[in-house]
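User: I am a first-year student, and I would like a close look at a single part of this protein. Please begin with one pair of facing residues and then explain the part to which they belong and what surrounds it.

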Amino acid sequence: MPDALRERLVALRRDLHQNPELSFAEHRTGDVLVRELEELSPSRLDRVARTGVIARIAGRERGAPVVAIRGDIDALPIQEATGLAFASTNAGVMHACGHDVHATWAVGAAALLSNAPAAGDVLIVLQPAEEIGEGAAAVMESGQLDDVRAIFGAHVDRRFTVGQVVAQAGPLAASADVFEIVLTGRGAHGARPHESADPIVCMAAVISALQTIVSRRVNPATPAVVTIGMVNAGTASNVIPERAELRGTLRATDHDTRALLQAEVREISTHIAAAHHVQAAVTFSAGVPPVINDARAARWASDAAAELLGAASVVPLGITNMAGEDFAWYQRQIPGCFLRVGAREHDELVIPAHSPQFDVSEEAIFVGAAVLAECARRASAELAAERK
Ligand code: NI
């Protein structure tokens with residue numbers, strides 16, 4: 001990659017890092033990205049999904065299949081504590097998940113593809129609102145990706161060193177669904193529990209029983225999480241309330257386990273509640289599906305990384321990431337591969353994403369840009385050849 005492009009990308013990343021914006025509020029970010037992409041003279045440049053941007057980089061062959069590269073652009077409600085010279089100037093908001101880098105490497109891939117085009121056009125999708133799991137779905141609803149035949153995206157990962165890339169078929173990130181259980185009993189004086197149907201004692205039993213889903217219902221070789229993160233009940237120490245509520249998150253890496261978790265949450269909570277003479281109302285807000293990489297797209301991605309970085313640089317994911325990633329919405333309709341790009345220097349600590357100390361090696365920008373551009377070229381070439 002030429003030095004001038006490197007310098008431009010580092011400057012862009014630092015500017016985005018210093019001016020982070022929350023999901024669907026990426027107004028300045030969108031404007032900055034539009035300006036950067038205008039310089040590449042894309043054949044189209046559109047706003048999408050309120051605060052997102054899509055640039056179309058022309059391919060060599062008119063009418064050849066279109067592929068896409070996605071970079072997410074939003075930040076998190078976290079007060080930055082990195083001490084970086086270009087730390088956030090937006091109080092309480094921080095690029096603590098590396099989406100500043102993802103936006104930048106997508107622009108870098110656009111620059112590389114402008115210089116050495118793919119067979120077909122490549123859409124550079126700068127997607128808002130990944131952190132709330134809504135941006136990708138909004139981009140898909142726009143219809144602008146309707147003719148896309150393959151899609152690639154990546155996340156920085158400090159578990160891996162710079163130059164290492166994960167590009168493999170199968171599950172890469174988990175589904176994330178929210179559940180809410182409202183337990184309605186009968187309130188009473190705390191001194192006369194026999195006159196109540198106590199939703200708090202019921203809630204305690206429900207919480208314990210839900211732990212048996214992962215330990216006794218899910219195949220132990222299959223990753224799954226049931227976490228209750230919110231409980232709410234009661235107004236005074238001597239009052240048995242009428243209602244208790246709890247909320248949690250469900251994670252799975254395959255569709256069957258995801259369905260099983262939901263069915264079991266409903267089954268267990270309604271029956272435990274019935275045993276306590278309490279009514280349980282169970283609701284789910286369907287979140288992101290699991291990220292499951294398509295085998296062929298993963299081959300294009302691992303071949304791209306191996307060519308650019310050497311075969312030894314393509315490393316296995318290892319333990320499955322149970323976080324959610326809304327790239328999964330694209331993969332429901334478009335074969336795609338989501339990569340992990342190493343972002344830690346050898347001697348550095350592993351600082352997890354969403355930490356106020358999170359920072360990444362800027363070399364990762366160049367790796368991400370080059371690998372994603374090459375993913376697009378390979379997919380495009382093979383899809384174009386098939387057409388003939
Ligand atoms: Ni992220």
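Analyst: Val-182 stands opposite Ala-281 in S13. The model in which this pair is found is a predicted one. The two residues belong to a longer contact between strands: S8, which covers residues 175–184, pairs with S13 in the antiparallel sense over eight bridges. In general, the strands of a sheet pair through backbone hydrogen bonds, and the pairing may be parallel or antiparallel.

The pair of strands is part of an open sheet of four strands, in the order S10-S12-S8-S13, with antiparallel pairing. Strand S10 (224–233) and strand S13 (279–288) stand at the edges with a single partner strand each, so one side of each has no neighbour in the sheet. On average, neighbouring strands of this sheet are turned by 20 degrees against each other, if direction is ignored.

Two helices accompany these strands. Helix H5, residues 199–217, lies across S8, S10 and strand S12 (243–252), and runs at about 170 degrees to S10. Helix H6, residues 255–275, also packs on the sheet, where it touches S8, S10, S12 and S13. The direction of H6 makes about 165 degrees with that of S13. Within the residue range of H5 is Cys-202, which counts as buried at 0% relative accessibility.

The surroundings include a further strand, S15, at residues 336–344. Nine of the nine residues of S15 are buried, so the strand is largely enclosed by the rest of the structure. S15 pairs with S5 in the parallel sense over eight bridges, and Phe-338 in S15 is the bridge partner of Gly-153. S15 also pairs with strand S6 (residues 165–166), here in the antiparallel sense and over two bridges. In this second pairing, Val-165 stands opposite Val-341.

Strand S5 leads to the metal site. The protein donors of the nickel ion are Cys-97 (SG), His-99 (NE2) and His-155 (NE2), which lie 2.1 to 2.2 Å from the ion. Along the chain, the donors follow the spacing C-x1-H-x55-H. Cys-97 lies in the loop between strand S3 (66–72) and helix H3 (99–115), whereas His-155 lies in strand S5 (residues 148–161), so the pair ties together parts that are 58 residues apart in sequence. Both Cys-97 and His-155 are buried.

The nonpolar interior completes the picture. The largest nonpolar core has 65 residues, and those that touch the most other members are Trp-105, Leu-113, Ile-124, Leu-126, Phe-152 and Leu-339. Helix H9 (residues 363–387) gives the most to this core, with 12 residues. Leu-126 shows how such contacts reach along the chain: not counting residues up to four places away in sequence, its contacts include Leu-33, Val-53, Ile-73 and Val-107. A second, separate core has 28 residues, among them Ala-49, Val-66, Ala-138 and Met-140.

A last point concerns the cysteines. With a disulfide taken as a pair of cysteine sulfur atoms within 2.5 Å, the count comes to zero. Cys-375 illustrates this result: the nearest cysteine sulfur, that of Cys-337, is 6.7 Å away, and Cys-375 is in no disulfide. Cys-375 is nevertheless buried, with a relative accessible area of 0%.

Key
Residues numbered from 1 in each chain as written. Predicted model: local features only at pLDDT ≥ 70, side-chain atom pairs only at ≥ 80, totals over all residues. Heavy atoms only, no water. Donors = N, O, S within 2.8 Å, 3.2 Å for Na, K, Ca; no water. Buried < 20%, exposed > 50% of the residue type's maximum accessible area, 1.4 Å probe, protein only. Pairing = 2+ DSSP bridges. Axes fitted to C-alpha atoms, helices over the stretch in contact; angles between N-to-C directions. Contact = heavy atoms within 4.5 Å. Core = buried A, V, L, I, M, F, W, Y, C linked by side-chain atoms within 4.5 Å.
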